[in-house]
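Me: I should like a close look at a single part of this model, set in the context of the whole chain. Please give one connected account.

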Amino acid sequence: VNGTGMVLLFVSQIVLARIIGVVEFGIYSYVLSWLGVLALAGKAGLDSALQRFIPEYAGKQQWGLCHGLLRRGYQISFLASLLLVALAWLLSPLILASLEQSYTVYILLMAALLPLSVLLRITQSALLAFRRPATSHLTESVLQSLVLIAGAVAVGTYASSAATSVTMLGIHLLAFAVSLAAGIYLLARRVIPPQVATAAAAYDTRHWMTVAFPLFVISSMYVLMSYTDTVMLGMLENTTVSGIYAATSRIALLVSLPLVFINSVLIPYISSLYHGDRFSDLQHIVTIATRTAGLLALPVFIVLVLFGDTVLGLFGEEFTSGKTALNILIAGQLVNVLSGSVGALLMMTGQHHFAAKVVTLCATLNILLNYLLIPEFGINGAAAATAITVVIWNAVFVASTRRRVGIKPTVFAGLNK
């Protein structure tokens, strides 16, 4: 299901790029990148906290705490997203200054998109925490992408004069709303165990937020590094280059998709196995997961090395200028996959404070490298900054996972036996 969703998401970006052109696609990608950055704070780490605590509470049949955590997750994230809407409005002259048009309509769209984006992520995390990865990805990736494709094709066919970045962001708003409604319905009616729904909500908010904060830092820094290069290219170069890079980075993520798929299933099991003192079982499942991800990622890597310019050309002829950047990015993503689920292992086994420090330093390094390399090397400098950061954080995390958790996470674990 996740694979289908990612393919559809990739197709939706190709459809959008070909309908609105490289300039408008650059604006569209730039605004969505800022949306992704602002949405980090809205989740407040509660998306990771749901996946950290719900498997543990369910295993111990602490249904009241499950109920309370779900309720508190939605409450805090919604309020935080409203505060971020106000912040985005205040910062709009800065974050959207590189747009040649009036940015009022874009900030209004971001204000509408932000709460939906945050609540959608909380809902998807709850579905994953209850071990329903297929349901989670069906409502998020598949359904959202189908709405995007249908909306973009409809506009391109029947209202081509209105095919702009503003229109596509409006379609994105509709896709978020449909996905969120479907996710909440399935979570409430089909996924949450009846014991949770009927239990009196119990709250341990201080503990949740104490754990959520370092998890928030980790997940935020991961996502921040995903958007830093696109945002800084838009600010230091222009949004057209930013759009080309956004398409390039989306293609590069195809290499790491097998690890993303496997993590969505693996994370709840890491928590339950580790806290159940089943360390040999944890090592076994991690080794299988990493080798599976590596075997699936390697053919994608080879195809993109050989035919990357052809894949970029699907977005439009102008996008083929990102071929060198693509090669740099996919090399970093291959290292990421072969290193295994190191971030998840540290977050789900009580090493979140240490992981937060490492990821924060890496995110800072990523910003610095982008600032230094983009003016000199442009799109290739942004790709190099990201790839270097990915290699460094994975190297540190691999060593830390072996020393602190006692698990060998890489694809090579056990080969020396």
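Reply: Helices here are DSSP runs of H or I with at least four residues, numbered from the N terminus. In this predicted model, the elements of the chain run α-α-α-α-α-α-α-α-α-α-α-α-α-α from the N terminus on, which amounts to 14 helices and 0 strands.

The part chosen for the close look is T248, which lies in helix 9, spanning residues 239-275. T248 counts as buried because its relative accessibility is 0%, and buried means under 20%. Apart from its neighbours within four places in sequence, T248 is in contact with L312, G322, A325, L326 and L329.

The setting of this residue can be described for the chain as well. Buried residues make up 57% of the 417 residues. Among contacts with a separation of 6 or more, 83% are between residues 24 or more positions apart. The radius of gyration is 21 Å, which agrees with the value near 22 Å for a compact globule of 417 residues. The C-alpha trace spans about 55 × 50 × 35 Å along its principal axes.

Two loop residues may be set beside T248. Q61, in the loop between helix 2 (46-59) and helix 3 (63-95), is exposed, with a relative accessible area of 58%. Its phi is near 55 degrees, a positive value in a residue other than glycine. R131 is found in the loop between helix 4 (104-129) and helix 5 (133-158); the phi of R131 is near 60 degrees, again positive in a residue other than glycine. At 35% relative accessibility, R131 counts as partly exposed.

How values were computed: Residues numbered from 1 in each chain as written. Predicted model: local features only at pLDDT ≥ 70, side-chain atom pairs only at ≥ 80, totals over all residues. Heavy atoms only, no water. Helix = DSSP H or I, 4+ residues; strand = E, 2+ residues; numbered from the N terminus. Buried < 20%, exposed > 50% of the residue type's maximum accessible area, 1.4 Å probe, protein only. Contact = heavy atoms within 4.5 Å. Rg over C-alpha atoms; globule rule 2.2 N^0.38 Å.
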